[in-house]
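Work through the exercises below with the structure open beside you. Try each task before reading its solution.

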Amino acid sequence: MNFNSLRDAYREEVIRTRRAFHAAPELSGHEWNTAERIRAILTGAGIPWEPCGKELPGTLVTIDGIGAGKTILLRADIDALPIEEKNDVPYKSGTKGVMHACGHDCHISMLLTAVMIANSIRDEIPGTIKFIFQPAEEVALGALDMMADGVLDGVDGMFGMHVWSELPAGQVSLEAGGRMAA
């Protein structure tokens, strides 16, 4: 597997997807259209998904690789903030007073791309990868809702993606322990 080739194959798609989600933000607990769009993309790619959460629109994808192995979980948040967008770009928020000001539009598109890549190389992955699209992160309710529905059952490790403007593009920051968690 050549990750650079896989990355390059999805470059334009991840940008297009991010801009589409940026233009249609939804506040915490109200991400029903966002979840529907995520699910439509997954369905269109032939990737099974399931709702995850007892009351909120969370989405879970499970990619089973070959043979036994660990189960890891990758997470992206999908909600937006009650902030008026001042940017003048073609993909500007179309929802007055609401925008993806914290990068969740990026998180959605990055995780969708990770799902597509993992699905395309599933026969090279030992174990299982779970992917969750978490609603209501900004109000600290989405994770609780998904955990109450059992999303962490059998998970050996979890990673949450987050963009960080102070880290140069193309770099990844990994540190032991909890990070960026309240």
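**Exercise 1. The surface patch**

Which residues form a nonpolar patch on the surface, and about how much accessible area do they have together?

Solution. The model is a predicted one. Step one is to list the members: Val-139, Leu-141, Leu-144, Met-147, Leu-152 and Met-158 form the patch. Step two is the area, which is about 530 Å² for these residues together. Step three takes one member, Leu-144, and places it in helix 4, residues 142-148. Its relative accessibility is 52%, and a residue is exposed when the value is over 50%, so Leu-144 counts as exposed.

**Exercise 2. The sheet**

Find the order of the strands in the sheet, and say which strands stand at its edges.

Solution. Start with strand 1 (residues 50-51) and strand 2 (residues 59-64), which pair in the antiparallel sense over 2 bridges. Pro-51 stands opposite Thr-59, and Glu-50 has Leu-60 as its bridge partner. Next, strand 2 also pairs with strand 4 (residues 126-134), again in the antiparallel sense, over 6 bridges. Here Ile-63 stands opposite Ile-129. Now put the whole sheet together: 5 strands form an open sheet in the order 1-2-4-3-5, and the pairing is mixed. Strand 1 and strand 5 (157-160) each have a single partner strand, so one side of each is left without a neighbour in the sheet and they stand at the edges.

**Exercise 3. Helix 2**

Check the span of helix 2, then decide where its buried residues lie around the axis.

Solution. Helix 2 covers residues 32-44, which is 13 residues. At 1.5 Å a residue it should span 18 Å, and the end C-alpha atoms are 18 Å apart, so the two values agree. The buried residues of helix 2 are Thr-34, Ala-35, Ile-38, Arg-39 and Leu-42. Because these cover an arc of only 130° around the axis, they are on the same side of helix 2. On the other side, Glu-36, Thr-43 and Gly-44 are exposed.

**Exercise 4. Positive phi**

Compare the surroundings of Ala-136 and Ala-140: is each buried or exposed?

Solution. Begin with the background: most residues other than glycine have a negative phi. Ala-136 is not a glycine, yet its phi is positive, about 50°. Ala-140 also has a positive phi, near 60°. Ala-136 lies in the loop between strand 4 and helix 4, and Ala-140 has its place in that loop too. The last step is accessibility. Ala-136 has a relative accessibility of 1%, so it counts as buried. Ala-140 has 55%, so it counts as exposed.

**Exercise 5. Salt bridges**

How many salt bridges does a search of the whole structure find, and which one, between Asp-105 and its partner, links distant parts of the chain?

Solution. The search finds 5 salt bridges. One of them joins the side chains of Asp-105 and Arg-18, at 2.9 Å from N to O. Asp-105 is in helix 3 (residues 104-120) and Arg-18 is in helix 1 (residues 3-22), so the pair is 87 residues apart and links distant parts of the chain. Asp-105 counts as buried, because its relative accessibility is 1%. Another salt bridge joins Asp-8 and Arg-7, also with 2.9 Å from N to O. At 47% relative accessibility, Asp-8 counts as partly exposed. Asp-77 and Arg-75 form a salt bridge whose closest N and O atoms are 3.2 Å apart, and both residues are buried.

How values were computed. Residues are numbered from 1 along each chain as its sequence is written. This is a predicted model: local features need pLDDT of at least 70, side-chain atom pairs count only at pLDDT 80 or more; totals for chains, interfaces and linings use all residues. Side-chain values use heavy atoms; hydrogens and water are left out. Patches are made of residues with over 30% relative accessible area and no salt bridge: like charges are joined within 9 Å, nonpolar side chains (Val, Leu, Ile, Met, Phe, Trp, Tyr) within 5 Å. Accessible areas come from the Shrake-Rupley method with a 1.4 Å probe; for residues, only the protein chains shown count as cover. A salt bridge is a side-chain nitrogen of Lys or Arg within 4 Å of a carboxyl oxygen of Asp or Glu. Helices (H or I, at least four residues) and strands (E, at least two) are DSSP runs, numbered from the N terminus. Buried means under 20% relative accessible area, exposed over 50%, partly exposed in between (1.4 Å probe, protein chains only). Two strands pair if DSSP finds at least two bridges between them. The expected span of a helix is 1.5 Å times one less than its number of residues. The arc is that of the directions from the helix axis to the C-beta atoms.
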